[in-house]
Amino acid sequence: MFSEIQTFLESQLSSGNFSIATMFFLALGGLFAGLLPCVYPLYPITAGILKTRVSKHKWSHPLVYYFGLALMYAIFGLIAGVSGGVFNSFLRYPETQIILSLLLFVLGLSVAEFIYFPFFSGDVKNSVNVNYANTFFLGMGAGLLSSPCVGPVVVSILVQLITYQTEGFKILPILFTSFKMFLFGMGLGIPFLLIGVFGLALPKSGKWMKYVQWALAILIFYFSYTYLDKAFTLWGFGSELSAQVYFLWILALVSLFLLKQEGSPTEKMKQSLYQLVAISSLLLLFSLLTVSILKKGDGFSVTNQNITKQMLKEEHGNLVWYRNKADVFTLAKERNLPIFIDFYADWCTNCKEFQKITLSHQEWNQTFQKDVILWKVYDTDPIFDEFANHPNYPELKIGLPFFLILNANGDMLYKSNDYLDTKGMIETIRKLKK
């Protein structure tokens, strides 16, 4: 049922027609995206920003914040149309994940009231801290922070923009589709608007509310860690190392904070953060220099890409995924079976979720065992760029997951970025088998 609803939404987004129904489904898709768990950390942040502004401006500041968030998605649409998806690829860099991790960590400290940002809460008597421009740009920031949670519905809009870009620069279609992104952003911003208007803010008084604020801060810290883990995975390190680094970072911050005897908690935390950033930067520089010297010294290190080239297949549970194009097409022709391609990346949460489902979903697992040749393509494989540059697969310029079903001759039978489309995938495979 969810898959059918999502397919209908995508058809509404990608069509050239526009109606009241299209506007409704765009906003509805945005509202659903706003309820994803990865958006949750932004809710207490929004409460902290708007909690003093609504006392004299119950509707105006939340509305300005809301339109700032929606406009950010319209800007995403314009950038995607002009750049052909380059901006969306930028969001996948490990350095980007590190920046998002640090930003969420600092915002978590703000929710726990260890760091004070005048432009977040401020005094309502101070017009500098609560002006509408400030609120508007903070809303745009919320739109930027929620962008990594972009789901298949948004991808379908951006694919349309990229298609226009590959066919030549056409300003009117890009503006039209960017307006669709704006409507999607308005739907996504509805929970944020409700938080501001209906008083879902975080009161300062009350001992019990301190525990609530700490719980929300811990939630934000957790999501901060997930971005750090993505960055370490992209660099080729395991989750154990990212967890250790994050734990040591917090331990060092707490130690520096407790060692300081003078100043308010906010000043002590600021000084501790400055010192920790300086220490971390020196350690990182030392580590990079050490690794560089070792690589030049013995030439022993082998990149992940070279290891990947040597692996012809890999097993996940009872499923065998082939890694070489020639092997895949040879087997497909010998057995007269279609080819299922899973474009995979270690930073892609839904890619990992799909891998789990292929083992836990009985019908899917049986189909994948007997009726198809499985091919896993990593985003670091050279063949990935060949697919990404093909005009039939603009989705790969936006993000993952992405799935293809080809016949033994390489003709496309199915494509989707919806990892839950069990019905569509299985029906395509079984039709070809018949």
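Q: What makes a stretch of this predicted model a helix or a strand, and how many of each does the protein have?
A: Helices (H or I, at least four residues) and strands (E, at least two) are DSSP runs, numbered from the N terminus, and by that rule the secondary structure of the protein comes to 19 helices and six strands. This is a predicted model, in which local features need pLDDT of at least 70 and side-chain atom pairs count only at pLDDT 80 or more, while totals for chains, interfaces and linings use all residues. Residues are numbered from 1 along each chain as its sequence is written, and side-chain values use heavy atoms, with hydrogens and water left out.

Q: Why is Ser242 called buried?
A: Buried means under 20% relative accessible area, exposed over 50%, and partly exposed in between (1.4 Å probe, protein chains only); Ser242 has a relative accessible area of 0%, and is therefore buried. Ser242 is found in helix 12, which spans residues 239-259.

Q: What makes the pairing of the side chains of Ser242 and Asp229 a polar contact?
A: A polar contact is a pair of N or O atoms within 3.5 Å, where, within protein, one must be able to donate a hydrogen and the other to accept it, and residues adjacent in sequence count only if both atoms are side-chain atoms. The two side chains are joined at 2.6 Å, so the pair meets that cut-off. Contact in general means heavy atoms within 4.5 Å, and, leaving aside its neighbours within four places in sequence, Ser242 is in contact with Tyr225, Leu228, Asp229 and Phe232.

Q: Is Leu172 buried or exposed, and how do you know?
A: Leu172 has a relative accessible area of 65%, so it is classed as exposed. Leu172 lies in helix 9, as does Met181, but Met181 is buried, with a relative accessible area of 0%.

Q: Which residues form the nonpolar patch on the surface?
A: Leu78, Ile171, Leu172 and Leu175 form the patch, with about 370 Å² of accessible area together. Helix 9 (residues 171-188) gives the most to this patch, with three residues.

Q: How do you know that the buried residues of helix 17 line one face?
A: In helix 17 (residues 362-370) the buried residues are Trp364, Asn365, Thr367 and Phe368. Seen down the helix axis, they fall within an arc of 165°, so they line one face of the helix; the arc is that of the directions from the helix axis to the C-beta atoms. On the other side of helix 17, Gln362 and Lys370 are exposed.

Terms used:
Patch = residues over 30% accessible without salt bridge, like charges linked within 9 Å, V, L, I, M, F, W, Y side chains within 5 Å. Areas by Shrake-Rupley, 256 points an atom, 1.4 Å probe, with all protein chains shown as cover. Salt bridge = Lys/Arg side-chain N within 4 Å of Asp/Glu carboxyl O.
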